[in-house]
Amino acid sequence: MVDAKKGVVSGKNLEHIKKSLLERKKELEDQLADLYQMKGVMGEVQDAGDQAQSLSLETLKISLQDNEMAEYNMIGQALRMIEDGTYGMCIECGQPIAERRLKSYPNATRCLICQEGIEDGRREG
Ligand SMILES: [Zn+2]
């Protein structure tokens, strides 16, 4: 049963989801802080001879950082939606996201149909 005023996810589950989102957010903050520190150290010790190797390491770190930043941003958005009382609604079509999906992916802001649509579009484009 969906109560528009209470949102899609019931209060107890919402608290649980919020807690796990906040924990994950903290983890990512720590990891991102480590990455920024490593990058700083590498910049200092790097010399011309190591450049080729450093370059691929840098690339790896940047892509890792991108993934984590993307997840971090999604968590931030999910937390804002919890505050707004819109959490659990798809940002694309406005339909409730299945609670089962939210339990597996607490930072999901799209329903499965919209998410798959976006992923299909990416593959084709
Ligand atoms: Zn949707």
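Trainee: What percentage of the residues in the protein is buried?
Mentor: This is a predicted model, and the protein has 125 residues. A residue counts as buried when its relative accessible area is under 20%. By that criterion, the buried share of the protein is 27%.

Trainee: What pattern does the secondary structure follow along the sequence?
Mentor: The protein contains four helices and zero strands. Read along the sequence, the pattern is therefore written with helix symbols, helices being numbered from the N terminus. The pattern is α-α-α-α.

Trainee: Which residues coordinate the zinc ion?
Mentor: The donor residues follow the spacing C-x2-C-x17-C-x2-C in sequence. Each donor atom is an SG atom, and the coordination is at 2.3 Å. The residues are Cys 90, Cys 93, Cys 111 and Cys 114.

Trainee: Is the site of the zinc ion tetrahedral or irregular?
Mentor: The site has four donor atoms, with angles of 105 to 116° among them. Four donors count as tetrahedral if all angles lie between 85 and 135 degrees. The angles of this site fall in that range, so the site is tetrahedral.

Trainee: How many residues apart are Cys 93 and Cys 111?
Mentor: Cys 93 belongs to the loop between α2 and α3, whereas Cys 111 belongs to the loop between α3 and α4. The pair thus links distant parts of the chain. Their separation is 18 residues.

Trainee: Is Cys 111 buried or exposed?
Mentor: Cys 93 has 39% relative accessibility and counts as partly exposed. For Cys 111, the relative accessible area is 10%. Buried means under 20%, so Cys 111 is buried.

Trainee: Which helix gives the most to the lining of the largest pocket?
Mentor: The largest pocket holds about 280 Å³ of space and is lined by 18 residues. At least two lining residues come from each of α1 (11–45), α2 (51–84), α3 (99–104) and α4 (112–124). The helix that gives the most, with four residues, is α4.

Trainee: How many charged residues are in the lining of the largest pocket?
Mentor: Met 74, Arg 101, Tyr 105, Asn 107 and Ala 108 lie nearest the centre of this pocket. Arg counts as charged. By class, the lining has seven nonpolar and five polar residues, and the number of charged residues is six.

Trainee: What is the volume of the second largest pocket?
Mentor: Among the residues that line the second largest pocket are Met 74, Gln 77, Ile 91 and Arg 122. The elements that give two or more residues to this lining are α2 and α4, and the largest share, four residues, comes from α4. By class, the lining has three nonpolar, three polar and three charged residues. The volume of the pocket is about 150 Å³.

Trainee: Is Ser 104 buried or exposed?
Mentor: Ser 104 has its place in helix α3. A polar atom of its side chain lies 3.2 Å from the backbone oxygen of Arg 100. Its relative accessibility is 51%, and exposed means over 50%, so Ser 104 is exposed.

Trainee: What distance separates the C-alpha atoms of Tyr 36 and Ile 62?
Mentor: Tyr 36 is in helix α1 and counts as partly exposed, at 48% relative accessibility. Along the chain, Tyr 36 and Ile 62 are 26 residues apart. The distance between their C-alpha atoms is 9.9 Å.

Notes: Residues numbered from 1 in each chain as written. Predicted model: local features only at pLDDT ≥ 70, side-chain atom pairs only at ≥ 80, totals over all residues. Heavy atoms only, no water. 1 Å grid on protein atoms, 1.4 Å probe; cavity = no way out; pocket = protein on both sides within 12 Å on 5 of 7 lines; lining within 4 Å. Points joined across faces, edges and corners; volume = space filled by probe spheres on them. Donors = N, O, S within 2.8 Å, 3.2 Å for Na, K, Ca; no water. Tetrahedral: all angles 85-135°; square planar, octahedral: opposite > 155°, others 65-115°. Buried < 20%, exposed > 50% of the residue type's maximum accessible area, 1.4 Å probe, protein only. Polar contact = N/O pair within 3.5 Å; in protein donor to acceptor, adjacent residues only side chain to side chain.
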